[in-house]
Amino acid sequence: MFVFSVKTSKRQVFSIALCVVMLAAVLVTVAVWPSGGAAAASYHPVSAGTEEQRLSFLRGLGYEVEQPYSEVKEVLIPDEFDAVFQKYNEIQQSAGMDLQPYHGKRVKCWTYQVLNYPDEAQVNAHLYIYQDEIIGGDVSSAALNGFMHGLTRLDRESAALPPADADH
């Protein structure tokens, strides 16, 4: 057995204790500090490795979609966002998602045709999936003067849809 002893003054003990307390304060601050802002804190990635998980996610937002999916393709999230992609990421952020952590990553984009969007003929839902988790997506109209918004809950009042728990 080894015994290690050090002769220190009260001043040195105080300095060491102060350093330990400051280090602990920094570690606690880093552990609880939100890393992605309010938008990232509001969204927790959802498992989407199976068709049923993807459909369940969309149904949870109020969308009824045609089964199976219309298309699946691989998409590269650019290393640097140009103005167009930055605008698209703002749409993601409005839904509590953010594609910035996925710079340079290849993701899969699953496309579903939305059947219950009010007053629109052809609407698609796109889910961007990385490592079997939904990291982003949008709902958009294929019309010439169409729309695009993030993966937000379908407004049932304006759509005149039955409540989610109603029997169909």
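Trainee: How many bridges join strand β1 to β5, and which way do they run?
Mentor: In this predicted model, β1 (residues 46-47) and β5 are joined by two bridges and run antiparallel. S47 has E133 as its bridge partner in β5.

Trainee: Is β5 largely enclosed or not enclosed, and why?
Mentor: Strand β5 covers residues 133-141, and eight of its nine residues are buried, so the rest of the structure largely encloses it. Buried here means under 20% relative accessible area.

Trainee: How many bridges join β4 to β5?
Mentor: Eight, and the two strands run antiparallel. One of the pairs is V123 with S141 in β5. The hairpin of β4 and β5 has two residues between the strands, and Q131 takes a positive phi near 50 degrees there.

Trainee: What about β5 and β6?
Mentor: They pair antiparallel over two bridges, with β6 at residues 148-149. S140 is matched with M148 in β6. The hairpin from β5 to β6 goes through six residues.

Trainee: Going the other way, what does β3 pair with?
Mentor: β3 (residues 106-114) is joined to β2 (residues 71-76) by six bridges, antiparallel. E71 has T111 as its partner in β3. β3 also pairs with β4 (residues 123-130) over seven bridges, again antiparallel, and Q113 is partnered by N124 in β4.

Trainee: Different topic. Which helices and strands make up the chain, in what order?
Mentor: There are five helices and six strands. From the N terminus the order is α-α-β-α-β-α-β-β-β-β-α.

Trainee: And how much of the chain is buried?
Mentor: Of its 168 residues, 30% count as buried. The chain exposes about 11,500 Å², with 57% supplied by carbon and sulfur atoms.

Methods:
Residues numbered from 1 in each chain as written. Predicted model: local features only at pLDDT ≥ 70, side-chain atom pairs only at ≥ 80, totals over all residues. Heavy atoms only, no water. Pairing = 2+ DSSP bridges. Helix = DSSP H or I, 4+ residues; strand = E, 2+ residues; numbered from the N terminus. Buried < 20%, exposed > 50% of the residue type's maximum accessible area, 1.4 Å probe, protein only. Areas by Shrake-Rupley, 256 points an atom, 1.4 Å probe, with all protein chains shown as cover.
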